[in-house]
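I opened this notebook to keep track of what I looked up, one topic at a time, for a reader who has not met the structure before.

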Amino acid sequence: MHPFQPDRRRALRMATLLAAPAFMPGTLLAQDYPSRPIRVIVPFAPGGVVDITARLLTQKLTERLGWNFVVDNRPGGNGFIAVSAAAKAAPDGYTLLAAHTGEFAVNPGLFPNVPYELDRDFAPITMISDTPMLLVANAQQPFNTVAELVAAARKAPGSITFSSPGNGSINHLAGEWFAVEAGAKLLHVPYRGGAPAMAAVASGEVALGVVAIPAVLPHLQAGRVKVLGLTTARRSGFNKDWVPAAEAGVKNVDASNWVGLFAPKGVPADVLARLHAEVVKTLEQPDVKKRFAEAGAELGGMSSADFAQRIRSDAARYKDIVQKAGIRPE
């Protein structure tokens, strides 16, 4: 036997013991998490739907758990700036991303060189909310139902205008999806944001709009617009009388605007599990349910795997609409 072999064995045992903490069960990581503020990157300016959703969620998480959050708004670049920054962040659970349908389901089919990929760069945590959009018309328009709109659009292809918050927005694609499935041609008029897009419908500058529920309500109550239908395949708990386009004869249309929470790829599994569990518990709070319901939103809380599958499914559908409608980014 080599005279130094026992020393080598002792050295090996000592090295193993010293290294043991690095390989201890991951549950210890989640027990200590978080020990410092968590940054949540948002691809939009303060006040938008993603920003409001992120701030509501983080506020309620803080109230429940005492966690400290910093919302980091990084608007511009079609979401590329914010999402890329999140993708490059350290995968330690202290940088998260709140994003919506546009960044992960629309952009990959719309832009040729998106600088991030869902499966490569991110771990979806869960969907926070899912909100249908409304197809609304100026109150003076002659059509009052989806069927009447489709008939009018088929008689005069491209003559009926519809507004959206911008070219390539989820609202834009929902409108084009409706037109493709209806066998009709509508003329898209983009605006810079949901409020001006809705105001254009209310004033009669355009005939139609594909807009979020909160933006519609003041104009609806004032009698300036009328709701023709929903862009989703199911009815909304906000108003059971609103008819989905599919029920009105325009099949296969199912466009909604979800907001989700993501982490950079590589965050420890137990930290992701802790985040998912606490977000779901927070979404189940009665006051949180009430706040989202008042905005016409349905709560998320699905599993990470189901959320990832939903994103992939949406991305495939929107890519198909982009191609069929010939949509080009600005």
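The entries below go through aromatic rings, two strands and a pocket.

**Entry on the model.** I note at the start that this is a predicted model, and I read every value below as computed from it.

**Entry on ring pairs.** I looked up how many aromatic pairs there are, and the count comes to 14. One of them is F122 with F262, an edge-to-face pair whose centres lie 6.3 Å apart and whose planes make an angle of 75°. I then placed the two rings along the chain: F122 belongs to strand 4 (residues 122-138) and F262 to strand 9 (residues 256-264), so this pair ties together parts that are 140 residues apart in sequence. I also checked how much of each residue can be reached, and found F122 buried, at 1% relative accessibility, and F262 buried as well, with a relative accessible area of 0%.

As a second case I took F238 and W242, which form a stacked pair, 5.7 Å centre to centre, with 20° between the planes. Here F238 is partly exposed, with a relative accessible area of 32%, whereas W242, at 7%, falls under the 20% limit and is therefore buried.

**Entry on the cluster.** Which residues do ring pairs link into a cluster? I listed F80, F104, F111, Y116, F122, W258, F262 and F307, so that F122 and F262, the edge-to-face pair above, are both members.

**Entry on a charge and a ring.** I looked at R36 and found that its charged end sits over the ring of Y94, at 3.7 Å from the ring centre.

**Entry on strands 1 and 2.** I asked myself whether strand 2 (residues 69-73) is enclosed or open, and since 4 of its 5 residues are buried, I wrote it down as largely enclosed by the rest of the structure. Strand 2 runs parallel to strand 1 (residues 38-42), and 5 bridges join the two; among the bridge partners, V42 is matched with N73 in strand 2. Following the chain from strand 1, I passed through helix 3 (residues 49-65) to reach strand 2, a β-α-β crossover that is right-handed.

**Entry on a pocket.** I looked up the second largest pocket, whose volume is about 210 Å³. It is lined by 13 residues, of which F104, P108, L118, R312 and A315 are the closest to its centre. Helix 5 (101-110), helix 6 (118-121) and helix 13 (304-325) are the elements that each give two or more residues to this lining, and helix 13 gives the most, with 5 residues. I noted too that F104, which lines this pocket, is also listed in the ring cluster.

Terms used: Residues numbered from 1 in each chain as written. Predicted model: local features only at pLDDT ≥ 70, side-chain atom pairs only at ≥ 80, totals over all residues. Heavy atoms only, no water. Phe/Tyr/Trp six-rings, centres within 6.5 Å; stacked < 30°, edge-to-face > 60°. Buried < 20%, exposed > 50% of the residue type's maximum accessible area, 1.4 Å probe, protein only. Lys NZ or Arg CZ within 6 Å of the ring centre and 35° of its normal. Pairing = 2+ DSSP bridges. Right-handed = clockwise from strand over helix to strand, strands pointing away. 1 Å grid on protein atoms, 1.4 Å probe; cavity = no way out; pocket = protein on both sides within 12 Å on 5 of 7 lines; lining within 4 Å. Points joined across faces, edges and corners; volume = space filled by probe spheres on them.
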